[in-house]
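Dear colleague,

Please find below the structure I promised to pass on to you. My notes on it follow directly after.

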Amino acid sequence: MLLINKLIFSFLYLFVFFNANAEGYVKAGDSLIWDSNNKSYTANGDVEFKNDKFIAFADKMIANYEERNNDEVFTKIELFNNVVIEFEEETFKGNYAIYTREDNIIKLVGDVSIESPTRLLTGSELIADIDNNKRILNSANNESLVEVLLENNAND
Amino acid sequence: MTRNFSSKIINALIIFVIIIQFFIYFLNQKPLTENYSKKTITVENFSSIVLSNSGITKIGSEKLNKIDDNNIYLEGKSYLENKEYKIYGKDIKINLNEEISNSNEPVEVINKMGLLKAQSFKNYDNDGKIFFEGEVEFVINK
């Protein structure tokens, strides 16, 4: 009986361990190109990217990586067309996005919006500083910056 | 006079025989080379090492078919392994001269970043580029 308990515990431990170590994934509907000379991956068609910070969707993605301690890690992610990034309870949308691992900042441009459970903001450029939990939304002109209170907030 | 004439005939005959020998030698050599290069060699449970742009690549398959001097076909379950990647697939064609390998069968690739699964691949080893077509899933390690 004790042996069975140990086996079950070991199995659960291994299951949790391997799932915890899975940092993320890249999925592409059409193609993926691995360029080892330029240290990049280019994904095309219904691209889905997930790391330990956020999950992103776009038509195209170019991800640059570098070698650190005999491992390869993504350092810069560029997303093109119909970009949607889900970070905790927020959803960022835009035409182009760039994420840099070094400073954990996501920058979106072109018909940008940021949606949270309580409000929707739109503009032309969004800078989301994940580490400092700061959002900067810029507009091309004063009229393009819009704030919309969503229904959940209106009921409060 | 007669002796002189006979000696000329013998010399001419010797020269003629030598020329014939050259022809025989030349005609014997050429077809042998052609037949050899067109022959398809098949080896089962094959593994070997190829020196390419990525360094030493180990290749293996259930059956190897040598199409010609530059092209080989890895039939059945096959693999290519080097310091950059491990490609596990099926029915892989390799052009040794251009250093291109490809397959239209599902493939799994393990590299330093993770495990990639795709529907087909084309590997341009000289350029350091691998194209994966169709639905691709790349699970990234920690």
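In chain B, 27% of the contacts with a separation of 6 or more join residues that lie 24 or more positions apart. Please bear in mind throughout that this is a predicted model.

The secondary structure of chain B consists of 1 helix and 10 strands. Along the sequence the order is α-β-β-β-β-β-β-β-β-β-β, with the helix preceding the strands. Of the 142 residues in chain B, 29% are buried. The chain exposes about 9,600 Å², and 56% of that area is supplied by carbon and sulfur atoms.

I turn next to the interface of the two chains. Contact is made by 26 residues of chain A and 23 residues of chain B. The size of an interface is often expressed as the accessible area that is lost when the parts come together. Between chain A and chain B, the buried area comes to about 2,100 Å², with carbon and sulfur atoms giving 54% of it. On the side of chain A, the residues that lose the most area to chain B are A:Leu32, A:Trp34 and A:Glu72, which together account for 29% of what that side buries.

As regards polar interactions, 10 residue pairs are in polar contact across the interface of chain A and chain B, both residues of each pair being at pLDDT 80 or more. The number of salt bridges between the two chains is 1. This salt bridge joins the side chains of A:Glu67 and B:Lys112, with an N to O distance of 3.1 Å.

Which elements of chain A give two or more residues to the side that touches chain B? They are strand E1 (24–28), strand E2 (31–35), strand E3 (40–50), strand E4 (55–68) and strand E5 (71–87). Sorted by class, that side of chain A has 12 nonpolar, 7 polar and 7 charged residues.

Finally, one residue of chain A deserves a separate note. A:Ser113 belongs to strand E7 of chain A, which covers residues 105–115. Is A:Ser113 buried or exposed? The residue counts as buried because its relative accessibility is 12%, and the cut-off for buried is under 20%. Apart from neighbours within four places in sequence, A:Ser113 is in contact with two groups of residues: A:Thr91, A:Phe92 and A:Lys93, and also A:Leu120, A:Leu121 and A:Thr122.

With kind regards

Terms used: Residues numbered from 1 in each chain as written. Chains lettered and ligands numbered in written order. Predicted model: local features only at pLDDT ≥ 70, side-chain atom pairs only at ≥ 80, totals over all residues. Heavy atoms only, no water. Helix = DSSP H or I, 4+ residues; strand = E, 2+ residues; numbered from the N terminus. Buried < 20%, exposed > 50% of the residue type's maximum accessible area, 1.4 Å probe, protein only. Contact = heavy atoms within 4.5 Å. Areas by Shrake-Rupley, 256 points an atom, 1.4 Å probe, with all protein chains shown as cover. Buried area = accessible area lost by both parts, 1.4 Å probe. Salt bridge = Lys/Arg side-chain N within 4 Å of Asp/Glu carboxyl O. Polar contact = N/O pair within 3.5 Å; in protein donor to acceptor, adjacent residues only side chain to side chain. Nonpolar A, V, L, I, M, F, W, Y, C, P; charged D, E, K, R; others polar.
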